[in-house]
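Me: I'm new to this one and would like a close look at a single part of it. Could you pick a helix, walk me through it slowly, and then show me how its surroundings fit in?

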Amino acid sequence: FNKAASKVQQLKTKIAELRKKKIEIPVSKKTTSGISSLITQLGAIGLATGIISLGKSMIKLGADMEQTEVQFGVLLKSTVKAKAMIADLSEFAAKTPFTPIQVNKAGKSFLAFGFQASEVKDKLSAVGDIAAATGKDFNELALIFGKAKTQGQIMGEDINQLTEAGIPIIDELAKVLGKPVNQIKKLGSEGKLT
C-alpha cells in the first residue's frame, strides 16, 4: 500500500510540475495502463482490508453474543431460558427503534433488578414507549425504572432526570397520590416517594 501511495504521489507531483510549465500531458496507452494497474491494485487492497474488517467484526459479534448468552444464563440460572429470552428480546428489538444491544442491556438490567423473566418484555415495552416519545436514552430510563423498583422508592435525582427528559413525572405522581406538586417535590427530595 505504501508503495502504491508513493507512486500516486509521484504522479501527482509530476502532473503539478507540468501544469505550472503549461505543458500538455500526453496520455499514452502505457500511462493509462499504469494508472489502471495502480487503481486495480488499490481496489484489491481496499477489498482485502474490507474483508478483514468484516471478519473481525463478525468474530467480535459472535464473542459478544456468546457473552450475552452467558450473562443471561447466569441471571436466569438456565442456558435454555437464556436462549429463549434472547430470541424473544431480538424479536422485540426488531419491532422497535432500539438495537438488540440496547434491548439486551436493558433486559439484563431488569433481571438484575429482580424483575421476573416473564415481565421483562412488557416492562421494556413500556420504557421503550416513553424513551421513543421523549428522546430519553432507553437504557438510562431502564436503569431509573429498575432502581426505583429495587429501592421501592423514587429519589429526587431520578425525578429530576425524568423531568429533564420531558416526562411529566411530578404531575403524574401528584395525580396518582392526590397531593400538590410542591409536596411531591419535597417527598422526592426526602426519598419518601414509594
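**Helix H3 and its surroundings**

Reply: Let's begin with the chain as a whole. Residues 24 or more positions apart account for 50% of the contacts in the chain with a separation of 6 or more. Keep in mind that this is a predicted model. The chain holds nine helices and zero strands, and buried residues make up 26% of its 194 residues.

Now for the close look, at H3. This helix covers residues 79-94, and its 16 residues should span 22 Å at 1.5 Å a residue; the C-alpha atoms at its ends are indeed 22 Å apart, so expectation and model agree.

Which residues of H3 are buried? They are Ala 82, Met 85, Ile 86, Leu 89, Phe 92 and Ala 93. Look down the axis of H3 and these buried residues fall within an arc of 120°, so they line one face of the helix. The spacing helps here: an α-helix has 3.6 residues a turn, so residues three or four places apart point the same way. On the other side of H3, you'll find Val 80 and Ala 94 exposed.

Next, have a look at how H3 starts. A side-chain oxygen of Ser 78 comes to within 3.3 Å of the backbone nitrogen of Val 80 there. Lys 77 sits in the loop between helix H2 (29-76) and H3. Its phi is near 60°, a positive value in a residue other than glycine. Lys 77 is exposed, because its relative accessible area of 74% is over the 50% cut-off.

Back on the buried face, pick out Leu 89, one of the buried residues of H3. Leu 89 is touched by Asn 104, which also touches Thr 68 and Phe 72, leaving out residues up to four places away in sequence. Asn 104 belongs to helix H4 (residues 100-112). With a relative accessible area of 7%, Asn 104 counts as buried because the cut-off is under 20%.

From H4 we can step across to H6. Phe 138 is part of helix H6, residues 138-151, and it is buried, with a relative accessible area of 1%. Setting aside neighbours within four places in sequence, Phe 138 is in contact with Phe 98, Gln 102, Val 103, Ala 106, Leu 124, Val 127, Gly 128 and Ala 131. Take Gln 102 from that list: Phe 138 and Gln 102 are 36 residues apart along the chain, yet their C-alpha atoms are separated by 7.4 Å.

Just before that, Lys 136 sits in the loop between H5 and H6. Is Lys 136 buried or exposed? It is buried, with a relative accessible area of 16%. Its side chain makes a polar contact of 2.9 Å with that of Glu 140. Beyond its neighbours within four places in sequence, Lys 136 is in contact with Ala 131, Leu 141, Gln 161 and Ala 165. Ala 131 is thus a contact of Lys 136 and of Phe 138.

One last stop is the largest pocket, with a volume of about 500 Å³. Its lining has 22 residues, and those closest to its centre are Phe 145, Ala 148, Ile 154, Leu 162 and Ile 169. Helix H5 (117-134), H6 and helix H8 (169-177) each supply at least two residues of that lining.

Conventions: Residues numbered from 1 in each chain as written. Predicted model: local features only at pLDDT ≥ 70, side-chain atom pairs only at ≥ 80, totals over all residues. Heavy atoms only, no water. Helix = DSSP H or I, 4+ residues; strand = E, 2+ residues; numbered from the N terminus. Buried < 20%, exposed > 50% of the residue type's maximum accessible area, 1.4 Å probe, protein only. Contact = heavy atoms within 4.5 Å. Expected span 1.5 Å × (residues − 1). Arc of directions from axis to C-beta. Polar contact = N/O pair within 3.5 Å; in protein donor to acceptor, adjacent residues only side chain to side chain. 1 Å grid on protein atoms, 1.4 Å probe; cavity = no way out; pocket = protein on both sides within 12 Å on 5 of 7 lines; lining within 4 Å. Points joined across faces, edges and corners; volume = space filled by probe spheres on them.
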